Amino acid sequence: MSTRIAFLKGHGTENDFVIVPDPENAIDLSPAAVAALCDRRAGIGGDGLLHVVRSAAHPEAKNMAAEAEWFMDYRNGDGSIAEMCGNGVRVFARYLQRAGYVGEGDLAVATRGGVKTVHIAKTVSGGDSAAGDITVGMGKARLPEGDVTVSVGERSWPARNVNMGNPHAVAFVDDLAHAGDLYSPPPFSPASAYPDGVNVEFVVDRGPRHVALRVHERGSGETRSCGTGACAVAVAAARRDGAAPEATGAPVTYTVDVPGGTLVITERPDGDIEMTGPAVIVAEGEIDAEWLETFTR
């Protein structure tokens with residue numbers, strides 16, 4: 001391992017990530033090392049880590065290499081592995097653009113939740129090439145059967161079980177303050193609904209086809225944004241509002257306010273979901289490899 005390891009820092013609607021470019025999958029990123037890097041006081045700080053690897057070089061992505069050159073090896077802030085991260089995919093694509101691996105237009109990104117289609121918007125002449133919004137094809141939602149309940153203190157609410165490649169429980173509430181501090185995972189039942197934990201979204205209405213959320217992300221706590229969570233919320237809201245595209249035959253778009261900004265979610269009659277929002281790289285630097293190695297011994 002070299003004495004210095006390159007990293008970048010980026011965010012999508014203030015859902016922030018440590019980015020570690022490693023095309024040949026040569027860096028050992030143990031759960032403890034990831035948690036140390038994401039530590040906001042003793043590390044770089046982030047809701048999660050984007051390990052940038054060529055699909056052909058990673059055992060979990062080799063089977064997707066023909067479709068997508070790059071694999072987003074995503075880790076939660078506590079070091080655990082996650083299937084997908086919608087904001088992370090946008091920031092991942094922005095890094096690839098910054099590094100010169102891709103340009104404006106379409107690309108495919110491999111994730112543990114499958115291959116995701118990404119579109120980097122063109123910018124106006126003379127504009128910042130890294131300022132255009134990025135749209136991610138998030139695939140189709142699955143709606144597992146069964147009633148789910150989430151609780152905070154003495155309050156509890158029915159929640160919609162939505163799977164976006166990772167699990168979500170969407171609860172519509174009267175006031176976002178009812179979500180509490182979200183430091184610890186909100187209790188849910190039945191336990192069998194989410195054997196590996198769940199991302200919990202608390203949602204209020206802001207207007208027609210316009211909602212706002214707060215979220216506890218599994219493995220990270222409350223975050224400023226959650227892309228898959230925004231998609232899950234839009235899917236749940238469309239069913240609640242009688243606007244499910246498979247029933248109406250028309251696409252439906254929701255504006256979803258998150259604490260760190262705004263995302264636009266469109267679900268089409270065939271079930272495909274698109275998420276559009278910003279992605280920004282804010283810094284780059286080097287990690288001391290000797291320090292990082294102390295977490296892999």
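These are my notebook entries on the cores, empty spaces and salt bridges of a predicted model.

**Entry 1: nonpolar cores**

I began with the largest nonpolar core, which holds 52 residues. Met-72 and Ile-265 touch the most other members of this core. I then looked up which helix or strand contributes most, and found helix α3 (residues 227-240), with nine residues. Apart from this core I noted another, of 17 residues, including Val-150, Ala-171, Val-173 and Leu-182.

I listed the contacts of Ile-265, leaving aside its neighbours within four places in sequence. Among them are Ala-230, Cys-231 and Ala-234, as well as Val-252, Tyr-254, Ile-273 and Met-275. The contacts of Ile-265 also include Thr-253 and Glu-274.

**Entry 2: the enclosed cavity**

How many cavities of 30 Å³ or more are there? I recorded one. The volume of the largest cavity is about 70 Å³. Its lining includes Tyr-74, Asn-76, Met-84, Cys-85, Glu-217, Arg-218 and Cys-226. By class, I noted five nonpolar, four polar and two charged residues in that lining.

**Entry 3: the largest pocket**

I next turned to the largest pocket, which contains about 150 Å³ of space. Leu-143, Pro-144, Glu-145, Gly-146, Asp-147 and Val-148 are among its lining residues, as are Pro-158, Ala-159, Arg-160 and Asn-161. Strand β9 (residues 155-163) gives the most to this lining, with four residues. I counted the lining by class as five nonpolar, two polar and three charged residues.

**Entry 4: salt bridges**

I found a total of 18 salt bridges. One of them joins the side chains of Arg-218 and Glu-83, at 2.8 Å from N to O. This pair links distant parts of the chain, 135 residues apart: Arg-218 lies in the loop between β13 (210-217) and β14 (221-223), and Glu-83 in the loop between β4 (70-76) and α2 (86-98). Arg-218 also lines the largest cavity.

Is Arg-218 buried or exposed? Arg-218 counts as buried because its relative accessibility is 15%, under the 20% limit. Glu-83, at 27%, counts as partly exposed.

I checked a second pair, Arg-214 and Glu-222, whose side chains meet at 2.8 Å, N to O. Arg-214 is buried, with a relative accessible area of 15%, while Glu-222 is partly exposed at 31%.

In a third pair, Arg-239 and Glu-246, the closest N and O atoms are 2.8 Å apart. Arg-239 is buried at 18% relative accessibility, whereas Glu-246 is exposed at 53%. Finally, I noted that salt bridges sharing partners join Lys-9, Asp-16, Arg-40 and Asp-47 into one network.

Methods: Residues numbered from 1 in each chain as written. Predicted model: local features only at pLDDT ≥ 70, side-chain atom pairs only at ≥ 80, totals over all residues. Heavy atoms only, no water. Core = buried A, V, L, I, M, F, W, Y, C linked by side-chain atoms within 4.5 Å. Buried < 20%, exposed > 50% of the residue type's maximum accessible area, 1.4 Å probe, protein only. Helix = DSSP H or I, 4+ residues; strand = E, 2+ residues; numbered from the N terminus. Contact = heavy atoms within 4.5 Å. 1 Å grid on protein atoms, 1.4 Å probe; cavity = no way out; pocket = protein on both sides within 12 Å on 5 of 7 lines; lining within 4 Å. Points joined across faces, edges and corners; volume = space filled by probe spheres on them. Nonpolar A, V, L, I, M, F, W, Y, C, P; charged D, E, K, R; others polar. Salt bridge = Lys/Arg side-chain N within 4 Å of Asp/Glu carboxyl O.
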